[in-house]
There are 2 protein chains.
Amino acid sequence: MAADITSAAESYFARVRRGDLPPPPVSTTLGGRITAVDLEAGTLDSDYHAGEAFLNPAGQVQGGVLGAMLDDVTAFLVTATLAPGEHCATLSLNLSFLRPARAGALQGRAQLVRRGREVCHVAGDLLQDGRVVATAAAVCTVVRKR
Amino acid sequence: MAADITSAAESYFARVRRGDLPPPPVSTTLGGRITAVDLEAGTLDSDYHAGEAFLNPAGQVQGGVLGAMLDDVTAFLVTATLAPGEHCATLSLNLSFLRPARAGALQGRAQLVRRGREVCHVAGDLLQDGRVVATAAAVCTVVRKR
């Protein structure tokens with residue numbers, strides 16, 4: 001898998017990582033902060049913060065918002081492998097909710113399952129207090145600007 | 001299906017609909033506003049608004065955020081069928097992204113596929129400009145306060 005992965009110094013991802021570009025608005029809204037990228041291993045870690053604005057009637061973080069965090073971490077991993085002029089579009093996201101999550105800190109981790117030329121399969125986990133609260137299986141495609 | 005559906009005047013949903021209780025924070029954050037409920041038909045409609053804070057690197061509404069809207073509309077439909085003291089917990093959410101969505105107005109619709117005693121299957125569609133941008137298949141469970 002590692003052989004398929006490239007990282008260009010002038011890619012969108014590299015520029016965001018260096019601070020030359022702001023992160024995407026949704027990442028900031030979700031309190032996202034990338035903490036580790038390992039393209040050899042095909043993994044990316046990102047912290048998140050769920051504010052009170054994301055709570056459901058039960059006073060827990062809404063599942064769809066946990067899904068937005070999982071979309072962020074899985075799409076960022078694919079984005080880390082892109083050349084300049086490419087971006088990642090998520091085609092499907094299958095989410096499982098294992099435990100309730102409360103407002104506060106969460107930790108996301110994405111693992112490349114298969115990096116095809118056009119299509120990427122990525123697995124994501126979201127943790128709170130060291131326990132997995134939600135998982136994702138994402139299918140993404142690489143879109144090239146024409 | 002209609003025979004399985006109950007709606008109690010003092011349920012959480014009825015109190016939110018009457019304005020006796022505020023909507024859940026996440027619904028407000030997503031610009032959610034329920035526009036129609038038909039428990040005979042097993043449907044619920046809700047409008048949403050995606051602000052700039054929800055955009056991804058491509059300048060489109062992040063898929064996970066569309067998923068949060070779909071979680072909201074499907075869970076609200078289940079909630080509309082609950083007795084006082086019950087709430088809806090989403091177990092899984094399978095999302096497909098059909099078209100990009102831009103910031104602005106979106107329309108959600110949920111349809112009960114099966115309302116079991118404990119487990120509910122719900123289908124959701126999210127539209128923009130009359131076209132479906134994302135779909136959801138949700139599995140929810142009814143949680144009773146002990």
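Student: How many positive and negative side chains does chain A have, and how far apart are the centres of the two sets?

Tutor: In this predicted model, chain A carries 14 positive and 14 negative side chains, with the two centres 3 Å apart. Lys and Arg make up the positive count, Asp and Glu the negative one.

Student: What makes chain A as compact as a globular protein of that length? Start with its elements, please.

Tutor: Sure. Chain A has three helices and six strands, and from the N terminus they run α-α-β-β-α-β-β-β-β. The radius of gyration of chain A is 15 Å, and the globule rule gives 15 Å for 146 residues, so chain A is as compact as a globular protein of that length. Along the principal axes, its C-alpha trace spans about 45 × 30 × 30 Å.

Student: What share of chain A counts as buried, and how much area does the chain expose?

Tutor: Of the 146 residues, 49% count as buried, the cut-off being under 20% relative accessible area. Chain A exposes about 6,500 Å², with carbon and sulfur atoms supplying 52% of that. As for contacts in chain A between residues at least 6 apart in sequence, 63% join residues at least 24 apart.

Student: How do you know that B:C88 is in no disulfide?

Tutor: Check the distance. A search of the whole structure turns up zero disulfides over all chains. For B:C88, the nearest cysteine sulfur is that of B:C140, 3.8 Å away. A disulfide needs the sulfur atoms within 2.5 Å, so at 3.8 Å the sulfur of B:C140 is too far from that of B:C88 for a bond.

Student: Why are B:C88 and B:C140 called buried?

Tutor: Buried means under 20% relative accessible area. B:C88 comes in at 13%, so it is buried. B:C140 has 0%, so that one is buried too.

Student: What makes the phi of A:D129 worth a look?

Tutor: Most residues other than glycine have a negative phi. A:D129 is not a glycine, yet its phi is positive, about 55°. A:D129 sits in the loop between β5 (119-128) and β6 (131-144) of chain A. In chain B, B:D129 also has a positive phi of about 55° without being a glycine, and its place is the loop between β5 (119-128) and β6 (131-144) of that chain.

Student: Why are A:D129 and B:D129 called exposed?

Tutor: Exposed means over 50% relative accessible area. A:D129 has 59%, so it counts as exposed. B:D129 has 58%, so it is exposed as well.

Conventions:
Residues are numbered from 1 along each chain as its sequence is written. Chains are lettered from A and ligands numbered from 1 in the order in which they are written. This is a predicted model: local features need pLDDT of at least 70, side-chain atom pairs count only at pLDDT 80 or more; totals for chains, interfaces and linings use all residues. Side-chain values use heavy atoms; hydrogens and water are left out. Buried means under 20% relative accessible area, exposed over 50%, partly exposed in between (1.4 Å probe, protein chains only). Helices (H or I, at least four residues) and strands (E, at least two) are DSSP runs, numbered from the N terminus. The radius of gyration is taken over C-alpha atoms; the globule rule is 2.2 Å times the number of residues to the power 0.38. Contact means heavy atoms within 4.5 Å. Accessible areas come from the Shrake-Rupley method with a 1.4 Å probe; for residues, only the protein chains shown count as cover. The place of a charge is taken as NZ of Lys, CZ of Arg, CG of Asp or CD of Glu.
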